[in-house]
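Visitor: I would like a close look at one helix and what surrounds it. Please start there and then work outward to the rest of the model.

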Amino acid sequence: MNDKEDQILLEVENLRKYFAVKHGVLRRKKGWLKAVDGVSFELFRGETLGLVGESGCGKSTTGRIILRLIKPEPNSQIFFHDNDKVIDIAKATPQELKYLRTRMQIIFQDPYSSLNPWMKIGEIIAEPLLIHKIMVGKELTNKVHSLLEMVGLDASYAMRYPHEFSGGQRQRIGIARALALNPTLVVCDEPVSSLDVSVQAQVINLLVDLQERLHLSYIFIAHDLGVVRYISRRVAVMYLGRIVEIGSTEEIFHNPAHPYTEALLSSMLSTDPDSSKERLQLEGDVPSPINVPSGCPFHPRCRYYQQNKWPECVSDIPTPTSIYSDTHKVSCHFAPNLNLCGVETEGTVKIGVKNGFNT
Amino acid sequence: MEHLLEIDQLKTYYFTDCGIVKAVDGVSFSVEKGQCLGIVGESGCGKSQTALSIMGLVSKPQGRIVSGKILYRDKKGHITDLATLSPNGYEYRSIRGKEIAMIFQEPISSLSPVYTIGDQIVEALIEHTTLSKKEATHRAVELLKTVGIPAAEERIHDYPHQLSGGMCQRAMIAMALSCEPRLLIADEPTTALDVTIQLQILRLLKELQERLSMGLMMITHDLGVIAEIADYVIVMYLGKVVEKGPVRKILREPKHPYTQGLLQSRPSGTAGKVRLNPIRGVVPSAIDPPAGCPFSTRCPKVLDKCSAFPPFALWEEGHAAACWLYENFM
């Protein structure tokens, strides 16, 4: 790991976003939906941070707040370390925001709805360059062609419309558009989940190649743990608007410290028909983010809480603390006492001692 | 063993303005009682169309079962060819939903938004059984309990939008099970769900299949789902079966280059270790499929012979692959 990789690109501190829940004819506020509730992490240059969790856990909202597509609550801080200066994205002025848009981009989940069907591919890719008045004319045409070739498409496709392309090709077009302005940070919001398995692998390879070539940093939002494990250097596990565990991919997958991470890993399907069929099954659904359970938000579904009924789990919200190593943080009161199981070797899930608790 | 359902050279074509789409092109397989058959393939391979053909739900007027047999053996051992029945006729209607039931991919969009889930289950029960409305409602509550919906007495009055995706899928399963079908077709039942919920639903299906000794046809694109639940697997590509065999054989010793490619393109292990090995190119258009082996345009091991459709090469335990690479043809 060289110095450049250790440079911080993004520091997110205490990120919060509450949406007002309105009700009735007068649209009175009935409560708050805490989509993101105190998320803090940092992203280093050239790395991929995977954000995983079930639907409704706030992972997409987090990605969009970082791009300021959604404005966070007042005391949130998102420091973007550009070449020589630091900008707080949460409080950026319109001029700063316009500049920031050239530094960070997004790749969307659904390649069918994220491309304007009335525009030609060439126009779609050229649009960011025109808006930011970076180049025009012949230079622009050449740039569009080189971008198309960079993502593995033929330059002649610039004259075609989105409906002429398959899902995988559209996703490549989306990637070309995101990279047109030469950003340093790209938020990938489930970029491969709507693609077929064989095409998925092509797009993942493309994302990995482009990251090496252009020294990009990715925030990779996905619910497919296999993909996240493959592509990410570090992983953050979110549950009900909070990061419950963050650490290097290996640590998270081999040595999870939060019961939720353990349950998620255990529900990963493998293609080995003889992999242990004894899985830890997570009961029930994610609670509504409007009525978040008190204390640790995971306690109603946590098997260790159900066994031991620790009062702290209901009364106190756990804070992120280091476990196993400095970079591995977990929000669980009893993480050091638990003996959790991760993914042992390729594909197989290890199921440990029956009650999984060391006293 | 007597087959519950036997499909023989089924061909379902769509006659569109652009040409003939051979959605299902000569597919044969059988489902046994108490067995889970997995059908795996990418989008457009005809796996859902096969299911719709069995259910008599091929969309008219473009779509039509051109030839082939769908032989269904009922409780008394009487065999009916579903392909010859009128899809709207009395005979088909008494089988569809009662003897053969289906679960669809998108639970929220395949339930009616204007009726409560209770009404929708009761409707199926009244159509197919002699129960009174009151008895049917009682049975609906029992069914919802069976599929693990908490507080079923209250949930029965809920509309689909009031339930989460996982709960809707459970309600769909309850509806499909309402008449105790002998064959359950599940078309990507977990694709729209979270991984944790996916596991709950797969467990539930497996448990119900064993308890009711139903035949289960699991249609999916995810080999992980296949490994979890299937006993026997069919791999489809562009409307044709390219490989079939017991689940262990297919996942451990895949013979067809397409199956091998599918397994290799799944990311496994950690970052930076190995580059993923995807299948090159894209699935060709179904209107103009390649002559001969449908996979020949993307196959890394393509031969001159591949311009003719290969016969099935056969190994032990009924493991077979349609590929010219092998010589042990039937």
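Guide: Start with helix H11 of chain B, where Pro257(B), Tyr258(B), Thr259(B), Gly261(B) and Leu262(B) are buried. The model is a predicted one. The buried residues of H11(B) pack against elements of both chains: from chain A, helix H7 (197-214), and from chain B, H9, strand S9 (232-237), strand S10 (240-246) and H10.

That leads to the contact between the chains, to which chain B gives 36 residues and chain A gives 39 residues. On the side of chain B that touches chain A, the elements giving two or more residues are helix H8 (195-212), helix H9 (223-229), helix H10 (247-252) and helix H11 (257-264). H8(B) provides the largest share of that side, with 6 residues. By class, the side of chain B that touches chain A has 15 nonpolar, 13 polar and 8 charged residues.

Next, chain B as a whole. Chain B contains 11 helices and 12 strands. Its C-alpha atoms fill a box of roughly 65 × 50 × 45 Å along the principal axes. The radius of gyration of chain B is 21 Å, which agrees with the value near 20 Å for a compact globule of 330 residues. Of those 330 residues in chain B, 50% are buried. Among contacts in chain B with a separation of 6 or more, 61% are between residues 24 or more positions apart.

An unreviewed UniProt entry places the feature "domain: ABC transporter" at residues 5-263 of chain B. Over residues 5-263 of chain B, helix accounts for 39% and strand for 28%, and the end C-alpha atoms lie 28 Å apart.

Two local backbone features in chain B deserve a look. As background, most residues other than glycine have a negative phi, and most peptide bonds are trans. Lys60(B) and Pro61(B) are joined by a cis peptide bond, with omega about 0 degrees. Pro61(B) sits in the loop between helix H1 (47-55) and strand S4 (63-73) of chain B. The other feature is at Ala151(B), which is not a glycine but has a positive phi of about 50 degrees. Ala151(B) lies in the loop between helix H5 (133-146) and helix H6 (152-155) of chain B. Ala151(B) counts as exposed because it has 10 other C-beta atoms within 10 Å, and a residue is exposed at 12 or fewer.

Now the partner chain. Chain A has 12 helices and 12 strands, and its C-alpha atoms fill a box of roughly 70 × 55 × 50 Å, taken along the principal axes. For 359 residues, a compact globule would have a radius of gyration near 21 Å, and the 22 Å of chain A agrees with this. Buried residues make up 47% of the 359 residues of chain A. Of the contacts in chain A between residues at least 6 apart in sequence, 64% join residues at least 24 apart.

For chain A, the UniProt annotation "domain: ABC transporter", again from an unreviewed entry, covers residues 10-265. Over residues 10-265 of chain A, the chain is 37% helix and 28% strand, with the end C-alpha atoms 27 Å apart.

Toward the start of that chain, Ile8(A) belongs to strand S1 (residues 8-23). Ile8(A) is partly exposed because it has 13 C-beta neighbours inside 10 Å. Setting aside neighbours within four places in sequence, Ile8(A) is in contact with Glu42(A), Phe44(A) and His81(A). The C-alpha atoms of Ile8(A) and Gly46(A) are 9.6 Å apart, with the two residues 38 apart in sequence.

Chain A also has a residue with a positive phi: Arg68(A), not a glycine, at about 60 degrees. Arg68(A) is in the loop between helix H2 (59-66) and strand S4 (77-81) of chain A. With 19 C-beta neighbours inside 10 Å, Arg68(A) counts as partly exposed.

Last, a helix pair. Helix H4 (residues 121-131) and helix H5 (residues 137-150) of chain A pack at about 115 degrees, and their axes are 10 Å apart. H4(A) and H5(A) cross in a right-handed sense. H4(A) contributes Gly122(A), Ile125(A), Ala126(A) and Leu129(A) to the contact, and H5(A) contributes Leu140(A), Lys143(A), Val144(A) and Leu147(A). The contact of H4(A) with H5(A) comprises 6 nonpolar, 1 polar and 1 charged residues.

How values were computed
Residues are numbered from 1 along each chain as its sequence is written. Chains are lettered from A and ligands numbered from 1 in the order in which they are written. This is a predicted model: local features need pLDDT of at least 70, side-chain atom pairs count only at pLDDT 80 or more; totals for chains, interfaces and linings use all residues. Two residues are in contact if their C-beta atoms, placed from the backbone, lie within 7 Å. Helices (H or I, at least four residues) and strands (E, at least two) are DSSP runs, numbered from the N terminus. Ala, Val, Leu, Ile, Met, Phe, Trp, Tyr, Cys and Pro count as nonpolar, Asp, Glu, Lys and Arg as charged, and the others, Gly among them, as polar. UniProt positions are given in the numbering used here, feature names are shortened, and annotations may be inferred rather than shown by experiment. Axes are lines fitted to C-alpha atoms, for helices over the stretch in contact, and angles run from 0 to 180 degrees between N-to-C directions. A crossing is left-handed if the near helix is turned anticlockwise from the far one by less than a right angle, and right-handed if clockwise. The radius of gyration is taken over C-alpha atoms; the globule rule is 2.2 Å times the number of residues to the power 0.38. A residue is buried if 20 or more other C-beta atoms lie within 10 Å of its own, exposed if 12 or fewer, and partly exposed in between; C-beta atoms are placed from the backbone.
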